[in-house]
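Q: Could you take me through one part of this model in detail, residue by residue, and then set it in the context of the whole chain? I would like a connected account, please.

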Amino acid sequence: TSFIAASLTTKGARATKHAMEVEIYDKLDRGNLKLHATGGTRVGKAGGRLAIGGDRVPRGARGVPADMRPRNLKNAVVKGDAIYQRVKGN
């Protein structure tokens, strides 16, 4: 089965016309669905950081523009949630 069909399920009773409310959650807890909705970073299996674009990232026919995609920075230093890059002085 597909990932979404296997992962998403409902909690509690199904919605009826008198109670139009249902809660959907990720039972496998692997989809990072909140990050896909809001954007952010997460740590991958190999310890690397992965960027997940939020609602402010424009998307076109070719996806995210190349200048807005994450890339490896030379001389980058990661401290907490911030990424710093060393720059040579004049």
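A: Happy to. Let us start with D26, which sits in strand β2, the stretch covering residues 23-26. Please keep in mind throughout that this is a predicted model.

Is D26 buried or exposed? D26 has a relative accessible area of 14%, and because the cut-off for buried is under 20%, D26 counts as buried. Its side chain also has a polar partner on the backbone: one of its polar atoms lies 3.3 Å from the backbone nitrogen of L28. Setting aside residues up to four places away in sequence, D26 touches S7 and L8 on one side of the numbering, and G31, N32 and L33 on the other.

S7 is a good residue to follow next. S7 belongs to helix α1, which spans residues 3-7. With a relative accessibility of 1%, S7 is buried. Once neighbours within four places in sequence are left out, the contacts of S7 are Y25, D26, K27 and L28. The contact between S7 and D26 therefore appears in the lists of both residues, and the two residues share the label buried because their values, 1% for S7 and 14% for D26, fall under 20%.

From S7 we can move along to strand β1, which covers residues 8-11 and contains T9. How accessible is T9? T9 is partly exposed, at a relative accessible area of 25%; this label applies because the value lies between the 20% and 50% cut-offs. Beyond the residues up to four places away in sequence, T9 touches E23, I24, Y25 and K27. One of these, Y25, is 16 residues from T9 along the chain, and their C-alpha atoms are separated by 5.8 Å.

Y25 has a further partner in K11. K11 lies over the face of Y25, at 4.9 Å from the ring centre. As for ring-to-ring partners, a search of the whole structure finds 0 aromatic pairs.

Now for a second place in the chain, the hairpin of β5 and β6. Strand β5 covers residues 76-79 and strand β6 covers residues 82-85; they pair in the antiparallel sense over 4 bridges. Which residue of β6 is the bridge partner of V77? That partner is Y84. The hairpin has 2 residues between its strands, and G80 takes a positive phi near 65 degrees.

Q85 also lies in strand β6. Q85 is partly exposed, with a relative accessible area of 44%. Not counting residues up to four places away in sequence, Q85 touches L73, K74, N75 and A76. For K74, which is 11 residues from Q85 along the chain, the C-alpha separation is 7.2 Å.

Finally, the whole chain. It holds 2 helices and 6 strands, and from the N terminus on, these elements run α-β-β-α-β-β-β-β. Of its 90 residues, 9% count as buried, and D26 and S7 are buried residues. The accessible surface comes to about 8300 Å², with 52% of that belonging to carbon and sulfur atoms. Among contacts with a separation of 6 or more, residues 24 or more positions apart account for 9%.

Note on methods. Residues are numbered from 1 along each chain as its sequence is written. This is a predicted model: local features need pLDDT of at least 70, side-chain atom pairs count only at pLDDT 80 or more; totals for chains, interfaces and linings use all residues. Side-chain values use heavy atoms; hydrogens and water are left out. Buried means under 20% relative accessible area, exposed over 50%, partly exposed in between (1.4 Å probe, protein chains only). Contact means heavy atoms within 4.5 Å. Accessible areas come from the Shrake-Rupley method with a 1.4 Å probe; for residues, only the protein chains shown count as cover. Rings of Phe, Tyr and Trp (its six-membered ring) pair if their centres lie within 6.5 Å; planes under 30 degrees apart count as stacked, over 60 as edge-to-face and the rest as tilted. A charge sits over a ring if NZ of Lys or CZ of Arg is within 6 Å of the ring centre and within 35 degrees of the ring normal. A polar contact is a pair of N or O atoms within 3.5 Å; within protein, one must be able to donate a hydrogen and the other to accept it, and residues adjacent in sequence count only if both atoms are side-chain atoms. Two strands pair if DSSP finds at least two bridges between them.
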